[in-house]
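Subject: A structure to look through

Dear colleague,

Here is the structure I promised to hand over, together with some notes on what was found in it. Please have the sequence and the 3D view open while you read.

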Amino acid sequence: YDNVATMARRSAEGRVKQTAPDLAESTERYGELCSEVEDIRRRLAPEELCDIVYEDFVAHPEESLRAVCGFLGVEAGPSYIADSAGVVWPQVRRARDGVDWTAAEREAVAQVIAGHRVLAGYSWDS
């Protein structure tokens, strides 16, 4: 919901004439992006991927950064990790709360979530 809300807001901001965020268009695009990611996942071996859950990253940025750097084979010193972790938002931001949703728009996102394994566990309340 937060990704869709952010996409819709940014799309509205980029229009010449300011309009309300188009959640239906953004939901469709987000679903397409999720499908593209799943297609890429099918073509790669599991060890070629590094999954990072955003909420875990925000909760434990240093640990997450070390995992990403290790996956990439990049040496990351303590100051790099600390400096990088220092610019991570201190908590997950709920962009969904800044947009007015209809029941149908919320259900459309729920259907995208249901159709993509990587989104399992996400819901309006999570």
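**Helix α4 and its two faces**

The face of α4 turned away from its buried side carries E63 and G70, which are exposed. Please keep in mind from the start that this is a predicted model, and that what follows was computed from it.

On the buried side of α4 you will find P61, S64, L65 and C69. When one looks down the axis of α4, these buried residues fall within an arc of 130 degrees, so they line one face of the helix. An α-helix has 3.6 residues a turn, so residues three or four places apart point the same way. The buried residues of α4 pack against two other helices, namely α3 (54-59) and α5 (78-85). As for its length, α4 covers residues 61-72, and its 12 residues reach 16 Å from the first C-alpha to the last, close to the 16 Å expected at 1.5 Å a residue. After α4 comes G73, whose phi is positive, near 75 degrees.

**The chain as a whole**

It may help to step back here and look at the overall picture. The protein chain has six helices and zero strands, so that the order of elements from the N terminus on reads α-α-α-α-α-α. Taken along the principal axes, the C-alpha atoms fill a box of roughly 45 × 35 × 30 Å. The chain has 126 residues, of which 26% count as buried, and its accessible surface comes to about 8700 Å², with 54% of that belonging to carbon and sulfur atoms. If one takes the contacts between residues at least 6 apart in sequence, 57% of them join residues at least 24 apart.

**The largest nonpolar core**

Which residues touch the most other members of the largest nonpolar core? Of the 14 residues in this core, they are Y1, V4, L23, Y30, W101, V109 and L119. The elements that give two or more residues to the core are α1 (2-14), α2 and α6 (103-114). In soluble globular proteins, nonpolar side chains tend to be buried together.

V109 is a good residue to follow from the core outward, and, leaving aside its neighbours within four places in sequence, V109 is in contact with Y1, V4, T27 and W101. V109 is also one of the buried residues of α6, and the others are V112 and I113. Seen down the axis of α6, these buried residues fall within an arc of 105 degrees, so they too line one face of their helix. The face of α6 turned away from them carries the exposed residues A103, A104 and A114. The length of α6 can be checked as well, because at 1.5 Å a residue its 12 residues should span 16 Å, and its end C-alpha atoms are 16 Å apart, which agrees.

**A buried serine and a partly exposed one**

Is S26 buried or exposed? With a relative accessibility of 5%, S26 counts as buried, because the cut-off for buried is under 20%. S26 lies in helix α2, which covers residues 23-43, and its side chain reaches the backbone nitrogen of A8 at 3.2 Å. Leaving aside its neighbours within four places in sequence, S26 is in contact with V4, M7 and A8.

S126, by comparison, is found in the segment after α6 and counts as partly exposed, at 41% relative accessibility. The side chain of S126 reaches the backbone nitrogen of S123 at 2.7 Å. Beyond its neighbours within four places in sequence, S126 is in contact with R94, R96 and G121. S126 and Y1 are 125 residues apart in sequence, and their C-alpha atoms are 9.6 Å apart in space.

**Two exposed glycines**

G121, one of the contacts of S126, is likewise placed in the segment after α6, and G121 is exposed, with a relative accessible area of 72%. The C-alpha atoms of G121 and D56, which are 65 residues apart along the chain, are separated by 13 Å. G86 is found in the loop between α5 and α6 and counts as exposed, at 60% relative accessibility. The C-alpha atoms of G86 and E32 are separated by 33 Å, and these two residues are 54 residues apart along the chain.

With best wishes

Note on methods. Residues numbered from 1 in each chain as written. Predicted model: local features only at pLDDT ≥ 70, side-chain atom pairs only at ≥ 80, totals over all residues. Heavy atoms only, no water. Helix = DSSP H or I, 4+ residues; strand = E, 2+ residues; numbered from the N terminus. Buried < 20%, exposed > 50% of the residue type's maximum accessible area, 1.4 Å probe, protein only. Polar contact = N/O pair within 3.5 Å; in protein donor to acceptor, adjacent residues only side chain to side chain. Contact = heavy atoms within 4.5 Å. Expected span 1.5 Å × (residues − 1). Arc of directions from axis to C-beta. Core = buried A, V, L, I, M, F, W, Y, C linked by side-chain atoms within 4.5 Å. Areas by Shrake-Rupley, 256 points an atom, 1.4 Å probe, with all protein chains shown as cover.
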